[in-house]
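Visitor: I would like a close look at a single part here. Please take me through how the two chains meet.

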There are 2 protein chains.
Amino acid sequence: MKWCRFKTDDKISFGIIEGDTVVAVDGSPFGGDYKKTARTLPLSAVKLEIPVVPPTFYCVGINYADHVRRMAIKRNKEPEYPKKPDIGYRTNNALIAHGEAIVKPRDAGPKFQYEGELVAVFGKKARNVSKEEALDYVFGWTIGNDVSERDWQALDRTMWRSKNADTFKPMGPWIETEVDLDAMMTTIRVNGEVKDNFKTNNMIFDAATYISEVSKYCTIYPGDVMWMGTDGVPENIKPGDTVEIELTGIGTLSNPVVLEK
Amino acid sequence: MKWCRFKTDDKISFGIIEGDTVVAVDGSPFGGDYKKTARTLPLSAVKLEIPVVPPTFYCVGINYADHVRRMAIKRNKEPEYPKKPDIGYRTNNALIAHGEAIVKPRDAGPKFQYEGELVAVFGKKARNVSKEEALDYVFGWTIGNDVSERDWQALDRTMWRSKNADTFKPMGPWIETEVDLDAMMTTIRVNGEVKDNFKTNNMIFDAATYISEVSKYCTIYPGDVMWMGTDGVPENIKPGDTVEIELTGIGTLSNPVVLEK
């Protein structure tokens with residue numbers, strides 16, 4: 001099932017995508033308290049919004065061995081693989097929907113880069129859940145682009161503006177509830193050209209491991225999201241470019257890049 | 001004006017505190033679209049909730065010179081003063097209200113500590129605001145206790161469980177809209193004994209500086225909160241203790257500590 005969130009006449013609703021049609025829904029998919037309405041719209045005619053506004057926005061920092069190894073070579077350092085699943089965070093101010101513009105700040109440098117990521121969207125409250133049952137708490141999956149300014153990431157004490165400036169977190173286009181994680185590939189294209197292509201589930205610590213570990217100390221709530229990190233060595237993007245992150249089985253998240261006015 | 005959020009019969013409302021009475025309000029104080037109702041309750045009879053559920057939970061990590069100096073001595077390191085206002089974050093799962101229990105996880109070590117903090121609560125959308133106008137975007141002020149597990153803080157790659165485990169972020173008891181920041185003192189008591197007492201506004205970078213800087217890259221939204229850091233050298237707390245953070249002009253945030261069951 002494909003769930004989206006869309007806006008018509010300034011009203012935001014959840015919807016179920018059936019082929020090229022969106023069926024508007026009353027209520028929210030999280031918790032199951034929703035009803036399909038008689039209202040249907042062509043998918044091409046609706047303005048997609050971010051598929052969920054997360055109460056907590058979890059994000060895994062470093063989660064693919066090849067990414068760690070190749071980023072270390074680039075930075076002329078020894079690769080440091082994470083020894084355990086320590087989760088990080090991003091912020092809601094930075095979220096934008098499929099199709100909306102990534103705004104490059106005027107004072108951002110050339111090392112302004114995409115990161116294509118798998119995103120878990122939670123449907124149930126999870127606390128102290130085992131690795132085996134962890135994925136039962138995931139409502140569905142979407143796509144994230146963890147846009148990063150590398151100079152700020154290196155210079156600042158925290159990742160506040162390098163990762164969390166407005167528009168730096170495209171997420172969408174929708175949530176897919178049925179996926180085969182092991183069959184998924186992540187493909188990143190800039191202006192139609194393939195920049196990276198990797199097995200989505202080839203993670204150092206997989207989603208089930210992260211969810212179980214986080215839930216030992218933190219209650220995960222319906223609507224929370226967990227971004228799972230990226231592989232490869234991201235390249236620079238600049239105003240005028242369009243970045244597409246495709247995850248087989250979910251779809252394609254596409255966003256143009258513009259310069260801050 | 002004192003604003004609270006309280007629960008009666010499983011319904012959460014905002015309220016205005018007038019002396020010993022809470023006047024229930026329809027709507028939210030953020031944005032100004034609210035109405036006082038005819039319903040009043042004795043303050044002592046209401047269950048106070050956290051005064052706001054923040055869309056983004058900003059938190060300053062290191063913001064008092066004496067804290068930096070004395071923590072460095074304790075850790076046998078050279079003090080490192082922050083050179084610029086780089087904001088950090090905490091998470092909503094960790095928030096608890098005045099009077100609710102801080103639950104010490106079973107596997108947490110003895111270095112389980114309070115941090116008494118001033119908290120700005122935003123009432124208006126802020127983007128690119130000057131230092132001079134920054135405080136106009138603050139709706140009011142409350143109190144936070146940035147409970148921290150120091151071993152995890154040192155060992156983990158991120159501050160996820162050291163600072164963001166469930167119940168580690170007491171906030172309240174209410175929001176005070178009229179304060180004199182320069183006259184404020186922060187007093188921390190454990191079981192009634194004063195552990196620390198410092199000038200609240202004696203910060204390395206004050207609230208106006210942080211708000212202005214954050215707003216250069218990130219839109220601050222109504223209901224967002226910004227915790228401003230702590231001074232002194234926090235001491236250990238343990239199950240059975242009660243921690244009080246008093247900020248003159250606001251009130252006292254009090255929470256017992258219990259051991260995880």
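Guide: Here is a walk through the contact between the chains, with a look at one helix at the end. Keep in mind that this is a predicted model.

Start with the contact itself. Chain B puts in 23 residues, and chain A puts in 23 residues. Which elements of chain B give two or more residues to the side that touches chain A? They are strand 7 (88–89) and helix 3 (160–164) of chain B. Helix 3 of chain B gives the most, with 3 residues. Now sort that side of chain B by class. It has 10 nonpolar, 8 polar and 5 charged residues.

Next, see how the copies are arranged. Turn chain B by 180°, with a shift of 0.0 Å along the axis, and it can be laid on chain A with an RMSD of 0.0 Å. The two copies are therefore related as by a two-fold rotation axis. Which residue of chain B comes closest to that axis? Pro55(B) does, at 3.5 Å, taken at its C-alpha. Both copies use the same surface: 100% of the contact residues of chain B recur in chain A.

Finally, turn to helix 4 of chain A, residues 207–214. Why is this helix largely enclosed by the rest of the structure? Because 6 of its 8 residues are buried. They are Ala207(A), Ala208(A), Tyr210(A), Ile211(A), Ser212(A) and Val214(A). A residue counts as buried here if 20 or more other C-beta atoms lie within 10 Å of its own. What covers the buried residues of helix 4 of chain A? The cover includes strand 6 (57–59), strand 11 (116–122) and strand 17 (225–227) of chain A.

Definitions and conventions:
Residues are numbered from 1 along each chain as its sequence is written. Chains are lettered from A and ligands numbered from 1 in the order in which they are written. This is a predicted model: local features need pLDDT of at least 70, side-chain atom pairs count only at pLDDT 80 or more; totals for chains, interfaces and linings use all residues. Two residues are in contact if their C-beta atoms, placed from the backbone, lie within 7 Å. Helices (H or I, at least four residues) and strands (E, at least two) are DSSP runs, numbered from the N terminus. Ala, Val, Leu, Ile, Met, Phe, Trp, Tyr, Cys and Pro count as nonpolar, Asp, Glu, Lys and Arg as charged, and the others, Gly among them, as polar. A residue is buried if 20 or more other C-beta atoms lie within 10 Å of its own, exposed if 12 or fewer, and partly exposed in between; C-beta atoms are placed from the backbone. Copies are superposed by least squares on the C-alpha atoms of residues with pLDDT of at least 70 in both.
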